[in-house]
Amino acid sequence: MSTLDDSGNGHGAGAAFTDLMASLLVVFVLLFVVALNKRVGTQDQQLEDLIRALRGDLQSAGLDAASVTRDSRDKNAVVVVFPDSLLFDVGSEAMRPEGVRIVSAATPRIASVLCSDSLERRIETVVVEGHTDARVPKGESPEEGRASNLRLSQRRSMNVVTQSLVALAQSPDRDCYLTLVSATGRGRENLLPAPVDSLDARQRRVILKIRLRTDVADDVAAAVEGSRK
């Protein structure tokens, strides 16, 4: 009889433990959902705050406010668009004097926003992307032209980064910005969609893609810690 009692008690304790674990799992899932929703809302607000800060500072550098927008391909990123015609002549990787002026004026303002105490830890990367139109250089096949455009866009993006660092030579934000920035060339691979023609001047652009971190795990941990207090 005692054996049956012990078995029954063991079964009851096991069931209670299972119920407890299931309840804890439900609580954790609920906390995760709350933290995720909170993070999404916070992330959206931070993106809007970043756009407003960049627009205000870049207007004084001669860039139109519309050049700072949310990235249509990445919900966690903001893009700053430099029209290529301001920076480079068609087919050239050498930066025009006007381009040097704009990048030199804009970069310290961008860096001061991104490297501020309130934003620096939230910025994941700053990628300078070079883009070309679909123009095929004379005497080249379509595939050769695609490769040429890719190389041209890579050199242009690198030149923008180089000029940016020159502009920050005496800035306290230089080291911070250097840890965030990188360069890449996209050539004609990410053309603007119709109705923008593939040869339209707007296709030729340099983009600063500023991406915020997405630390969901940290938000969940903070939510769990907060529930214990």
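# A guided tour of the chain, from Arg 202 to the helix crossing

Begin by selecting Arg 202, which is exposed because its relative accessible area of 52% is over 50%. Keep in mind throughout the tour that the structure on your screen is a predicted model.

Now add Asp 200 to the selection: Asp 200 forms a salt bridge with Arg 202, and the closest N and O atoms of the pair are 3.1 Å apart. Is Asp 200 buried or exposed, or does it fall in between? With a relative accessible area of 22%, Asp 200 counts as partly exposed, because the class called buried takes in values under 20%.

**The whole chain**

Zoom out next and colour the chain by secondary structure, which comes to 6 helices and 5 strands. If you follow the chain along its sequence, these elements appear in the pattern α-β-β-α-α-β-α-α-β-β-α. Of the 229 residues in the chain, 36% count as buried. Among the contacts between residues at least 6 apart in sequence, 75% join residues that are at least 24 apart.

**A cis peptide bond**

Select Ala 194 and Pro 195, and look at the bond between them: this is a cis peptide bond, with omega at about 15°. Most peptide bonds are trans. To place the site in the chain, note that Pro 195 is found in the loop between β4 (181–187) and β5 (205–212).

**Salt bridges across the sequence**

The structure holds 15 salt bridges, and two of them make good stops here.

For one of these, select Glu 48 and Arg 70, whose side chains meet in a salt bridge with an N to O distance of 3.0 Å. Glu 48 belongs to helix α1 (residues 2–59) and Arg 70 to strand β1 (residues 68–70), so that the pair, 22 residues apart, links distant parts of the chain. Glu 48 counts as partly exposed at 32% relative accessibility, and Arg 70 is partly exposed as well, with a relative accessible area of 31%.

For the other, select Glu 93 and Arg 155, which form a salt bridge with their closest N and O atoms 2.5 Å apart. Because Glu 93 lies in the loop between α2 (84–87) and α3 while Arg 155 lies in helix α4, the pair ties together parts that are 62 residues apart in sequence. Glu 93 counts as partly exposed at 31% relative accessibility, and Arg 155 counts as partly exposed at 36%.

Then select Asp 71, Asp 74, Glu 124, Lys 209 and Arg 211 together, and you will have a group of residues linked in a network of salt bridges.

**Where two helices cross**

Two packed helices are described by the angle between their axes and the distance between the axes. Select helix α3 (residues 97–114) and helix α4 (residues 142–167), whose axes come within 8 Å and cross at roughly 60°. That angle makes α3 oblique to α4, and the crossing of the two helices is right-handed.

Which residues make the contact? On α3, show the side chains of Val 100, Val 103, Ser 104, Thr 107 and Pro 108, and on α4 show those of Val 160, Gln 163, Ser 164 and Ala 167. If you colour the residues of this contact by class, you will find 5 nonpolar and 4 polar residues, and no charged ones.

Definitions and conventions:
Residues numbered from 1 in each chain as written. Predicted model: local features only at pLDDT ≥ 70, side-chain atom pairs only at ≥ 80, totals over all residues. Heavy atoms only, no water. Axes fitted to C-alpha atoms, helices over the stretch in contact; angles between N-to-C directions. Helix = DSSP H or I, 4+ residues; strand = E, 2+ residues; numbered from the N terminus. Parallel < 35°, antiparallel > 145°, perpendicular 65-115°, else oblique. Left-handed = near helix turned anticlockwise from the far one by under 90°. Contact = heavy atoms within 4.5 Å. Nonpolar A, V, L, I, M, F, W, Y, C, P; charged D, E, K, R; others polar. Salt bridge = Lys/Arg side-chain N within 4 Å of Asp/Glu carboxyl O. Buried < 20%, exposed > 50% of the residue type's maximum accessible area, 1.4 Å probe, protein only.
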